[in-house]
Amino acid sequence: MSAQNRIKGHGQLSLAKTINFTFDGTTYQGLEGDTLASALLANGVHLAGRSFKYHRPRGILSAGPEEPNALVNIARDSTRSQPNIRATVQELYDGLTAESQNRWPSLAFDFSAINDGLAPFFPAGFYYKTFKWPPKAWDKLYEPIIRAAAGLGKSPAEADPDRYANRYAHCDVLIAGGGIAGLTAALAAAKAGKKIILCDENPNFGGAILYDNALEIDGLSATEWVEKAVAELAALENVRLLTRTTAFGYYAQNFVALAERVTEHMAEPDPALPRERLWQVRAKEVILATGAIERHLVFADNDRPGIMLASAAQKYLNQYGVAIGANVGVFTACDSAWAAAFDLKKAGVNIAAIVDLRDNPPLELQEKAQTCGIRILRGYTVTKTSGRLRVQSISVQPINGGTVEQIRVDALLNSAGWTPSVHLFSQSRGKLKWHQDRDLFLPDIYVQDCISIGACNGTFDENELIAEAQAAGNATRKKAKAIRIENQSSWAGNAIGAAPGAGPSDNVKAFVDFQNDVTAKDIRLAVREGMHSIEHVKRFTTTGMATDQGKLSNMHGLAIAAEQLGKNLPDVGLTTFRAPYTPVTFSTIANHARGPLFDPTRKTPMHQWAVDKGAVFEDVGPWKRAWYFPKAGEDMHAAVNRECVAVRKKAGIFDATTLGKIEITGPDAAEFLNRLYTNPWTKLGVGRCRYGIMCREDGFIYDDGVIGRITDDRFHVTTTTGGAPRVMNHMEDYLQTEFTDLDVHLTSTSEQWAVIAVQGPLAREIIEPLVEGIDLSHEAMPHMSVREGKICGVPTRLFRMSFTGEMGFEINVPADYGESVWQAVYAQGEPRGLTPYGTEAMHVLRAEKGYIIVGQDTDGTVTPHDAGLSWAIGKAKPDFVGKRGMRRPDLVAEGRRQLVGLRTKNPKVVLEEGAQIVATPGQTVPPAIPPAIPMKMIGFVTSSYWSEALGHSIALALVEDGHSLEGDTLYVPMEDRTIEVEVSGCVFYDLDGGRLNGKN
Amino acid sequence: MAKIKMAKARPPHEGRRFANSAISIEQALPASRISLRAGSNELAELTKPLGFKLPSKPGTSKTKSGLSALWLGPDEWLLINNDPQAISKLMENLDAVKCSNVDISHRNTAIIISGKAAEDVLNSGCPRDLSLDAFPPGFCSRTLFGKIEIILWRLSENSFHIEVWRSYSEYLWTFLLDASKDAG
């Protein structure tokens, strides 16, 4: 299809560079440099979408990021499909495929447009009013229907195949917005030698002056001047120019986030490039040159396709060479719309009339209009419009009443004046001030090192703007060279709120917020129903809550609410501007953090060995730990039973590398441990180990682990795997704030050592041949001792300790040697039955011995007494962290949950971890049908396993006053039955601990 | 007693290397490393065993005869000796003076990243200002890269040494390779 509305000799695009695209299945021709919107308009297509609530036909309203109507779905393929793309900013590429949204079966005939006729039944806040009764209908009827109707566009179902990048950057000056103000400031700052980042959301720098054909700057046309300025900046090393880059968030300490769309405009994106790049910029100074956005006028049926912002029409003509109609009306309260009318007239478009709300628009504009032969209607308003899929006529009437005249048009420009884009300023926490004389909110109090220049600062006069920009860019230097401005057009004139004819007494649909279908009437209703703050009005009516975030509607909504309340506009409040300024894809924010980079995965030096042995892994925090090692045909249960038996009968080998390790050094190291752990440490001899418990100030268990004394002033501390970082922080915190008198240093050695646990009756004879310089005999190296020497020729810290109840060793070797030593030990032991075991078997073995796991058998509310560990408290110590906490009345009161063992009456039944425990039979699990006895929980199961060694199940549980219940019967109600259990001590296996010493 | 077979060291990512026209990333060779902690009163004593005066300005480093000291905090330095065998002698020398010396040779591993895009690749994950003014050759800092902690040390204009805990080195490699696609 040819582009019938492209006017030869207008615009900045080359007519020779044609490209094809499709919209709703029809193929059209556009030009290189077009946006999707300009190309559609060139082909006479105004109808671009359906409104959200009423499904009213909507056209292209704007030519920029503020577009509320022309939202389309663009798909390169099934995985690259994105909804809600603004046609006005999407650059055209060859083969672009766009679909309209929110319509069925077609854009021109949309079934749901019936909503428009039913509008009286959908008043503001109808969600809150309508779906109240009957209550049961919410789940079955209302919610499913609302969910089906809700949302705009369809999100893609497949994973995003594109790549996204991130870049942190620092600069002296970040300039957001590369229009005349931003470029001028950049030139000034660059000459002052500052390191600059200049970004603009458009494909080209220049902003609004690119479509100002009259303007002359230093004797050059606006486009020539922009070209020269950009070339000058691009040649400088201290300037980084970023186009297609939106500054979307302004955070603390001049931290600004930019989204750069790298390949979105390419027909065939270069696979070497990321689709989008997030820039996280820390700037010493930020210059905001974000311009202003033209507002629409709020009048009856102001949403018909063909009704457009005046500046948009001017931009489509002067930048893209597209006439938006052949017979165009203009409705305005602002001078700039007159300039648009003159440009269109000059291009051969008939201007049916300029309707100005003002009684006395500037005389020079009126004279110029008369010269061109344009009809002027001063002090008039538009009372209604007609045309279903495209505006056909407007009805005009003097504001103070009088005859209504219908004027035929095929497009209508409108302008209520300009709203400075203070979004980023406001995000920076700057305070705005209302300027009653100009109807503008402008930056007032800055809280960060930032400055607003140009239109976003309310400076519409180009001469003032230049001076402001030069001063901002080059604050310390002498006056910059003057720039000569000629033929600038005026942006004076304003209207906010409903136009005459859409006032309180008129029952018309005058749209304030196009995207969320909010009319002036809706806002008045919200106020009448008691919403007196703009924040309430906003949420009740949803004005300003769509993806455009009210760029066009906010000021109108505020003014209408203020009028209805009889208050001054600033007294109604102003809604908060939030990031992002325009929509940003999730992928851009996630950028590299996907797949393997979503979160680090930590593996031990022996990981690959376990993989090769067919281990199944479990995640323990960021660590991958071998869970169990199934042999062919074994399920988890069988594998774990076999592994447990091997450890009890022969020996097992276990990767304990992930345990946290902290080296505590210094003359006061023992005293530091005295204060941090409940146990006493002073008398622990060199070469000996002790199990320690660490509490928080509140007396609850925080962590535990075995600590070995390497020398007088050097301890090797182990922590739980998950607790390693927080224990280190806890220690540093106390060392730096409370115990500053101690000469101690802490160093994490978690990853210095690979740890190979060899546990079981044969442990000693397996490792003995590999060890040099250490006497492993029971007499020389008893349970809970540590020695330094060599294993397989490399240095080791060898611990004799056990978390299984068997005699055992934990071999610490420098991590690079971990795999090799492991292999040597395995080779040595395998013929004798040495079996690799995983964390599950480890859990069973330790539970058989009643050894707790912090975080499983404790939950942050368990004291050492509760856990049956009173023996580990150094009662003679003057103080330690948690000592006073433990004396709190509620921690010594009766009725505390205490750790006990449980044995099921039926030995084959394994309890569920987390199952609740009651004192009497007959209590059932809610929600049972009454009249069950209400269940009173007195505790719960913390650990539960099948013990192959004992031939029955075992469990640990926290039960109220559990320590005094030994031998009692308790009950565990389940959904289908109640399980009887007997309370026992926590130790199930080898009660006297003889096996630890190689006996029994 | 039969002769004990010596264990073999297997450092992470041994010999791993990536290069394109703008960037080269390689796993550094094993080295000796010590976390050295000492108060201001102890600094003078340390000059002898180290062979030089410890750097005392934030972010600075000093290298002499293969031994480098990186300032990490007012009482904290990272010592790196390129010779992995040097660790025992170094520990011994430091044992003789009042300080905290902990062998972390195997806790950390290092990646060297060089080339004209090194700064950009690092700034994909590291929020520090890596311009030559702010981060000149010899400068070092404990900082972040994506979700992990690293110590970044600039060796020359276009070359950086990254210290990382060994289990995080896989993440670092993956991130650097991903970021390298956006440089060149």
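This is a guided tour of selected parts of a predicted model.

**Stop 1: the parallel sheet**

Select strands 17, 24, 18, 19 and 20 of chain A. They form an open sheet in the order 17-24-18-19-20, with parallel pairing. Now colour the two edges, strand 17 (307–309) and strand 20 (376–378) of chain A. Each has a single partner strand, so one side of each is left without a neighbour in the sheet. Look along the sheet for its twist: neighbouring strands are turned by 20° against each other on average, direction ignored.

Zoom in on strand 17 and strand 24 (residues 411–415) of chain A. Three bridges pair them in the parallel sense. Which residue of strand 24 is the bridge partner of M308(A)? Pick L413(A).

**Stop 2: helices across the sheet**

Add helix 7 (residues 310–318) of chain A. This helix lies across strand 17 and strand 24 of chain A, at about 85° to strand 17 of chain A. Next, show helix 8 (residues 336–346) of chain A. Helix 8 lies across strand 18 (327–332), strand 19 (350–356), strand 20 and strand 24 of chain A. Its direction is about 170° to that of strand 19 of chain A.

Move on to helix 9 (residues 363–372) of chain A. Where do its buried residues L365(A), Q366(A) and A369(A) sit around the axis? They cover an arc of only 100°, so they lie on the same side of helix 9 of chain A. These buried residues pack against helix 8 and strand 20 of chain A. Turn the view to the other side of helix 9 of chain A: L363(A), E364(A), Q370(A) and T371(A) are exposed there. Just after helix 9 of chain A comes G373(A), with a positive phi near 80°.

**Stop 3: the nonpolar cores**

Select L36(A), I60(A), Y316(A) and L413(A) as sticks. In the largest nonpolar core, which has 70 residues, these four touch the most other members. L413(A) is the bridge partner of M308(A) from the first stop. Centre on I60(A) and leave out residues up to four places away in sequence. Its contacts include L40(A), V45(A), E67(A), T88(A), I307(A), M308(A) and Y316(A).

A second, separate core holds 36 residues, among them C695(A), A867(A), F880(A) and L958(A).

**Stop 4: H592(A) and chain B**

Go to the loop between helix 15 (586–590) and helix 16 (607–612) of chain A, and select H592(A). Is H592(A) buried or exposed? Its relative accessible area is 3%, so H592(A) is buried. Show the side chain of D178(B) as well. A polar contact of 2.8 Å joins it to the side chain of H592(A). Beyond four places in sequence, H592(A) contacts residues in both chains, including Y164(A), N166(A), L597(A), S124(B), F175(B) and A179(B).

**Stop 5: P622(A)**

Select the loop between strand 32 (616–620) and strand 33 (623–628) of chain A, which contains P622(A). P622(A) has 34% relative accessibility, so this residue counts as partly exposed. Leaving aside neighbours within four places in sequence, P622(A) is in contact with P600(A), T601(A) and R602(A). Now pick K603(A), 19 residues away along the chain: its C-alpha is 8.6 Å from that of P622(A).

**Stop 6: a hairpin**

Finish with strand 42 (residues 785–791) and strand 43 (residues 794–800) of chain A. They run antiparallel, joined by seven bridges. The two strands form a hairpin with two residues between them. In the turn, C792(A) has a positive phi of about 50°. I791(A) has V794(A) as its bridge partner in strand 43 of chain A. I791(A) is also the bridge partner of V771(A). That second pairing, of strand 41 (residues 771–772) with strand 42 of chain A, is antiparallel over two bridges.

Definitions and conventions
Residues numbered from 1 in each chain as written. Chains lettered and ligands numbered in written order. Heavy atoms only, no water. Pairing = 2+ DSSP bridges. Helix = DSSP H or I, 4+ residues; strand = E, 2+ residues; numbered from the N terminus. Axes fitted to C-alpha atoms, helices over the stretch in contact; angles between N-to-C directions. Contact = heavy atoms within 4.5 Å. Core = buried A, V, L, I, M, F, W, Y, C linked by side-chain atoms within 4.5 Å. Buried < 20%, exposed > 50% of the residue type's maximum accessible area, 1.4 Å probe, protein only. Polar contact = N/O pair within 3.5 Å; in protein donor to acceptor, adjacent residues only side chain to side chain. Arc of directions from axis to C-beta.
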